[in-house]
Each structure stands twice: as C-alpha cells, then as structure tokens.
Amino acid sequence: MVPFAGWEMPVQFQGVMAEHLHTRAKAGLFDVSHMGQVLIRPATDMATLAAALELLMPVSVAALPEGRQRYGLLTNEAGGIRDDLMFANRGDHFYVVVNAGCKEADIAHLTAHLGDQVCPVTDRALLALQGPQAVDALSVLVPAVATMRFMDVITADTVYGPLWISRSGYTGEDGFEISVPFGGADGLARALLAMEDVAPIGLGARDSLRLEAGLCLYGHDIDEATSPIEAGLNWAIQKSRRTGGFAGDERILRELADGPERRRVGLLPEGRAPMREGTQLFAEDGTPVGIVTSGGFGPSVGAPVAMGYVAASHATTGTTLLGEVRGKRLPLTIAPMPFIPPSYKR
Amino acid sequence: MKYTEDHEWLRVEGDYIVVGITEHAATQLGDVVFVELPEVETQVAAGDEIVVIESVKAASDILAPIDGEIVEVNDELAVTPGLVNEDPTGRAWFFKLKVDDLDVLDQFMDEDEYNDLIG
C-alpha cells in the first residue's frame, strides 16, 4: 500500500506484470474511488450551463447528447491544462470525473465560475472493470451494459443501489467505469471478484496499462504549463470550438494554426533498459531536445516504452534520439501511440 | 551462504564469491525487467554501485559487498531478467568476485541472523 493523493492505494496484488497481462486477456477490477466525482446541475437549463462550461474548456459541451460521455480539459488563461476529465450529459445534469490530485482545486475553480450548481459527490465509490471479458462479467449483474457503446452512460438500478455506468476507461481496453453508492461498493466489488475472469488490479498495472495505451497522466505528461496542442490532444478540441471563447484560447488557437514548439511523442528505447520520467533526450548530434515524462516496461509490448516532450524539429515518427540513462546515452525511436491497438467498442 | 544488510547473498564457489539477491529482496522489487551487469575484470570497492536492477516499479542498485575483482557475470540475466524473481538464490546469481581472503565473509550474517533482520 502506498499513499496517493491522500488515499492509501494498493500498488499491486499478485504482481504488476501478471495484473497487467490479466487485464489485457480477461478483466481487471480497479478501485478508483480516489478520483473526484462532481455533479453540475443547471440553475436554469442545460444549454445555459453548457455555454458556461465551454468558457472553461476548449471542448464542445453543448453538442454532447444525453447519455454520452466525452473527454474534457480545464484550461488556464495561459493555455495550460488545469486538469483533464471525463464529463457526461445525464439529461438534467452533467456528471464529471476529475483527477484525485486536482479535485480540490477543480471544485474551487468550477465553483468560482458556476457557483452552487457545482455539487461534489461525497457518498459514492468508483470502480473500473477493464478488459475483453469486462462486458460479459458486468452484464451478469447489469444486463443493460451489453448493448452500450464506447462512451455511452447509463443509470442502472441494482441491489447495489443506482449505478452510474460509462463504457470507458484508462487502459486501452474495452470496459466500464461504475459509480456506486458507498453502501453497495463492497458487495459489487466482491460479486465481480467472485467471477472467474475478474482479478483485482493495483496502481502499478494501472500505470503500465495507460502508458501502453498512450494516455496522459496528469502532473506528469500534462500540467499547468503544457497546452493541449503540445500534448497532442487536438482531437479533444472539436471543430466547433476552434474559433475560441475559452480560457487560454489565444495560445491554443495559435498553436493549432502554427504548430507547437514541442510535442508529446511516443518513445521506444532500442535496448531493454527502461527510460523513466526525467530521462533527458538528445539529438544524435548531442543537442538537448526533450525529456521523458512517463516511461517504464510495457508488459504487453514486451519491451520498454515511454512518452515525453520533444522539440517539434525532432518530433517526426521514426527519428532516432538518445536518452541519458545513468550517464550513458542510449538510442530510442519516436513511435506512434498507442503502443498497443486499442479495443474500444465503438 | 552469508547475507548482507542490503539483502544480497554471498556464496563461496572455489576461490570466488558468488553474489545475488535474496528472495525477500526479489519479492520487494517486483517483476524484474532489466539487469545491467558490470564489466568483467572491473576492480570494485565495498559500497560501489555495480549492478542496476529495474523492476516494473523502479530502478535499484546492487552494491559491491566487499573489495575485489569481477571475474564473471551472469549474462543470462541480460536476456532473461525475470530469473531474478523465478530463482533468486540459484540461476539468478549476478557476478563472481575474486577477493584477497575468503575470511572476509565472516563479518556477514548467517541465515538465522538474516531471517531475524527481515522478520
């Protein structure tokens, strides 16, 4: 167990490697209750609230249909990322899930702009069930999940209480994130873990799974100084928002038009030595060109994998760079992400 | 077999001392994915960081337990680092050290003392 954002979290159960591979082969259960759950209820109507949220995020809120979830980013005035999040249109309100480490700041920021429309959820746990067998496992308890598509959200009345379920996750696998009342969380977790294909997964494998899937970890791969464009999150900014009208729009629109000075890229070390966060990157002529922000061993790739920021001049896929590990400069190649093919049910 | 406070085991084999890490250490490290070994014929001093072990969790060093010369390293670990978890006190030895006097081993813990340490 390790402290994480004020919570005691399990790093591993049977071992990071075994848990990682189990999730990709069958189904892994993650307790992600440390993440922040927030409801935003409109004082007047959803359209007015959506417009207010669009001032804080460069993503389309207004066009998100009821029953659908979307990836979002809270930006600051300088175009950096305050936090990344998931938000869902649940008919008469938005449901938002934010990072544990940013939860307090996010709630303060949202409340400053939206007042008492912002209601933190304080009586629910959050479980994630991820992997190719997740749908079969969860549909035993909640048959309705079988017909959900990637990023759909539903409410299901169960013996564990009303569950708020989305078909999404942080592993690159098909799967679900399940908000469950505290009183039902233990029973739901035990019912899932009693199934043959479901195993508990710790923070260690959560990190290696999301790294192979090319997904950002806030505070490491993105932060207040990083813009969504540098981070390669252009896809999260829908066409309708590319005219501005959100925090940090000046920098974000400029980088969209002209390209950023540095870019987040996937990195494949050529040898077996993992290149971890903080590894300095150099061009072959010795010029410093960037830094690794997440790196380790990819159990499904069977080799070390990393992501980091590299000067745009050196960020083309296939470019060979050198990473300095314990005083030695070892070759690595810029590679497309994700490192594994995702299997979302679109 | 003798043990260091850094969770290494030391075993005499002919004129040399064979060095590895204990099962306790291997379990604490988690799945080992990379081992970097020293060059043969390197002269080392007690406390030198001479092996790097990377697990899925983090990188750790193995220190030279005593002064000596590296006479052989286990190249199998470069190809199959997972041996450190599978067979830490057997096939996953790290290096063999030539020392002036094998009596230096007397200063290290025996199995009972080591078990008390990790108990």
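Here is a chat between a trainee and a mentor about a predicted model with two chains, A and B.

Trainee: Before we start, which ground rules apply here?

Mentor: Residues count from 1 along each chain as its sequence is written, chains are lettered from A and ligands numbered from 1 in the order in which they are written, and side-chain values use heavy atoms, with hydrogens and water left out. The model is predicted, local features need pLDDT of at least 70, totals for chains, interfaces and linings use all residues, and side-chain atom pairs count only at pLDDT 80 or more.

Trainee: How many helices and strands are there in chain A?

Mentor: Both kinds of element are DSSP runs numbered from the N terminus: helices are H or I with at least four residues, strands are E with at least two. On that basis chain A has seven helices and 19 strands.

Trainee: And what is the radius of gyration of chain A?

Mentor: That radius is taken over C-alpha atoms, and the globule rule is 2.2 Å times the number of residues to the power 0.38. For 346 residues the rule gives 20 Å, and chain A comes close to that, so it is as compact as a globular protein of that length. Its C-alpha atoms fill a box of roughly 60 × 50 × 35 Å along the principal axes. The radius of gyration of chain A is 20 Å.

Trainee: What about chain B, what is its radius of gyration?

Mentor: Chain B has four helices and nine strands, running β-β-β-α-β-β-β-β-β-α-α-β-α from the N terminus on. Its C-alpha box is roughly 35 × 35 × 20 Å along the principal axes. The globule rule gives 14 Å for 119 residues, and chain B is close to that, so it is as compact as a globular protein of that length; the radius is 13 Å.

Trainee: Which strands of chain B stand at the edges of the sheet?

Mentor: Two strands pair if DSSP finds at least two bridges between them. The open sheet of chain B has six strands in the order 1-2-3-9-8-5, with antiparallel pairing. Each edge strand has a single partner, so one side of it is left without a neighbour in the sheet; the two are strand 1 (2–3) and strand 5 (43–44).

Trainee: Inside that sheet, what is the bridge partner of E13(B) in strand 3?

Mentor: Strand 2 (residues 8–13) and strand 3 (residues 16–21) of chain B pair antiparallel over six bridges. In strand 3, the partner of E13(B) is Y16(B).

Trainee: How many salt bridges does the rule find across the interface of chain B and chain A?

Mentor: With contact meaning heavy atoms within 4.5 Å, 14 residues of chain B touch 13 residues of chain A. A salt bridge needs a side-chain nitrogen of Lys or Arg within 4 Å of a carboxyl oxygen of Asp or Glu. One of those across the interface joins E54(B) and R276(A), at 2.6 Å from N to O. The count across the interface is four.

Trainee: Which elements of chain B each supply at least two residues of the side that touches chain A?

Mentor: The interface buries about 1200 Å², with 53% from carbon and sulfur atoms; buried area is the accessible area (1.4 Å probe) that two parts lose on being put together, summed over both. The elements of chain B asked for are strand 4 (32–36), strand 6 (49–55) and helix 2 (76–79).

Trainee: Back in chain A, how many residues apart are R24(A) and E212(A)?

Mentor: The side chains of R24(A) and E212(A) meet in a salt bridge, 2.9 Å from N to O. R24(A) is in helix 1 (residues 16–25) and E212(A) in helix 6 (residues 203–212), so to speak distant parts of the chain, and the separation is 188 residues.Trainee: Which residue takes a positive phi in the hairpin of strand 18 and strand 19 of chain A?

Mentor: Strand 18 (residues 320–325) and strand 19 (residues 328–335) of chain A run antiparallel, joined by six bridges. In strand 19, E324(A) has R329(A) as its bridge partner. Two residues lie between the strands of this hairpin, and the one with a phi near 50° is R326(A).

Trainee: What is omega for the cis peptide bond at P338(A)?

Mentor: Most residues other than glycine have a negative phi, and most peptide bonds are trans. P338(A) lies in the segment after strand 19 of chain A. A cis bond joins M337(A) to P338(A), and its omega is about 0°.
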